[in-house]
Amino acid sequence: MTVTIYDVAREAGVSMATVSRVVNNNPNVKPATRKKVYEAIERLGYRPNAVARGLASKKTTTVGVVIPDISNAIFAEVARGIEDIANMYHYNIILCNADKKKDKEIRVINTLLEKQVDGLLFMGGAVTEEHLQAFKTANVPIVLCATSDESGQIPSVDINHEDAAFDAVQKLLEQGHKRIAMISGTLQDPSIGYARFQGYKRALEAAGIAYDDSLVRIGNYRYESGAEAMKYFIELDERPTAVFSATDEMAIGAIHSIQDSGLKVPDDISIISVDNSRMASMVRPQLTAVAQPMYDIGAVSMRLLTKLMKKENVDQSKVILPHEIVVRQSVGGI
C-alpha cells in the first residue's frame, strides 16, 4: 500500500497541514514537531508525491534537456554543467537523446512539455520552423544550448562558430600553410556546420587564397568520416599540407589515416580542429584545437533558464562565450 500524507500525520500525531509544511521546508514549524514528523516519515518510508505537488503549485521543479548524442564527450560535458547548476537551484533534469534528427527532436520536445517541465534546454541541429512552432506552443521558458536560431527569437548560449573556425585556419596560415583542406560537418546545420565552413572560407579569403572545392569533404562529425575524408586528401595529386577539421572526432580519424598511410603528423600534414574534448589530449600526437567552454555553456544556459523560470530580469538573452586555441603537437610549420 502507498503511504500517504494522512498516514504520516496520524503516525506523528499532527495535522496533514503540518506534515505538508515540514515536507515543503516551511520555517513556521517548531523544531520538536519537525523532528517528530521526520521520524514518522522515516518509519513509514513516505515519499512525497511529486505529481500531486506539481498540480498544486503548478511547478514540477523539473527541466527537460534535449541532447544530440549522450555518447559524445562534448555533449556529456555540457550536460554536466547543466546538472551542476540545476542542483544548485534545486531543479531536477530529464535528459532525452534526439540524435540530431528533426522528427525525433520535435517528438522529444513535445513529450517533455507534456510532462509539465518548468523549462526546456535544447541542444540539437538546425532550428527549423517546425522547432520554432513547437517552442511557440510551450508555456514555459526555452533556452538554446550550444546552438542558436538564425532569427534570434529564442534565448541562447554558444560560441561564435564562424570566428572559431577562422581562428583555427588563421593558426595554420601563420605556420606558412597555404594548401589547407577542411573536413566539414553538414552544411545543412547553419549554427555549427555551415558557420564553421564559412569561417574556413573567410580565413582563406583574408589571406588571398582562392577557395578550392576539391579541398573540402563533408563528414558527419564522426571518426569514420574523418578517416575517409583524409584518405581522399592523401590520394590527391597535390595533397594538402594542413587540414582543418570541424570536430575533434573527425580530426582523430584523419590523424590515424595519415599514420596508416606511412605519413607523419605534423611533419607531412598538420591537423587542427574545433572542440578540445578530452580525446584531443589522448591521441598522439596530441591535437591542437579551438576550445569550446562546454561545461560553461551548459552552466550558463541553465542559469539563464532559472532566471527566465523565476521571471527575473535578464540583461542579455543571446550569450556568446569566448573560445581559445589550445596548442599541442599536431600543427607544425613549413
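Trainee: In this predicted model, which residue of strand 12 is the bridge partner of Val290?

Mentor: The partner of Val290 is Ile325 in strand 12.

Trainee: What makes strand 10 and strand 12 a pair?

Mentor: Two strands pair if there are at least two bridges between them. Three bridges join strand 10 to strand 12, and these strands run antiparallel; the criterion is therefore met.

Trainee: What makes the pairing in the sheet mixed, and what is the strand order?

Mentor: The open sheet has six strands in the order 7-6-8-9-10-12, with mixed pairing. Strand 10 and strand 12 run antiparallel, whereas strand 9 and strand 10 (residues 288-291) run parallel, joined by four bridges. Strand 8 (residues 242-245) also pairs with strand 9 in the parallel sense, over four bridges.

Trainee: Why are strand 7 and strand 12 said to stand at the edges?

Mentor: Strand 7 (216-218) and strand 12 (324-326) each have a single partner strand, so one side of each is left without a neighbour in the sheet.

Trainee: Which residues stand opposite Ile272 of strand 9?

Mentor: Ile272 is the bridge partner of Phe244, and Ile272 also stands opposite Thr288 in strand 10.

Trainee: How do you know that strand 9 is covered on both faces?

Mentor: Buried means under 20% relative accessible area, and six of the six residues of strand 9 (residues 270-275) are buried. In a regular strand the side chains alternate between the two faces of the sheet. Here Ser270, Ile272 and Val274 lie on one side, with Ile271, Ser273 and Asp275 on the other, and all are buried.

Trainee: Which helix lies across strand 9 at about 160°?

Mentor: Helix 11 does, and this helix also lies across strand 6, strand 8 and strand 10.

Trainee: How do you know that helix 8 has the span expected of its residues?

Mentor: At 1.5 Å a residue, the 14 residues of helix 8 (residues 161-174) should span 20 Å; the end C-alpha atoms are 20 Å apart, which agrees.

Trainee: Why is Asn160 called a cap of helix 8?

Mentor: A side-chain oxygen of Asn160 lies 3.2 Å from the backbone nitrogen of Glu162, at the N-terminal end of helix 8. A polar contact requires N or O atoms within 3.5 Å, so this distance satisfies the cut-off.

Trainee: Which residues of helix 8 are buried, and what follows the helix?

Mentor: The buried residues are His161, Ala164, Ala165, Phe166, Ala168, Val169, Leu172 and Leu173. Just after helix 8, Gly176 takes a positive phi of about 95°.

Methods
Residues are numbered from 1 along each chain as its sequence is written. This is a predicted model: local features need pLDDT of at least 70, side-chain atom pairs count only at pLDDT 80 or more; totals for chains, interfaces and linings use all residues. Side-chain values use heavy atoms; hydrogens and water are left out. Buried means under 20% relative accessible area, exposed over 50%, partly exposed in between (1.4 Å probe, protein chains only). Helices (H or I, at least four residues) and strands (E, at least two) are DSSP runs, numbered from the N terminus. The expected span of a helix is 1.5 Å times one less than its number of residues. A polar contact is a pair of N or O atoms within 3.5 Å; within protein, one must be able to donate a hydrogen and the other to accept it, and residues adjacent in sequence count only if both atoms are side-chain atoms. Contact means heavy atoms within 4.5 Å. Axes are lines fitted to C-alpha atoms, for helices over the stretch in contact, and angles run from 0 to 180 degrees between N-to-C directions.
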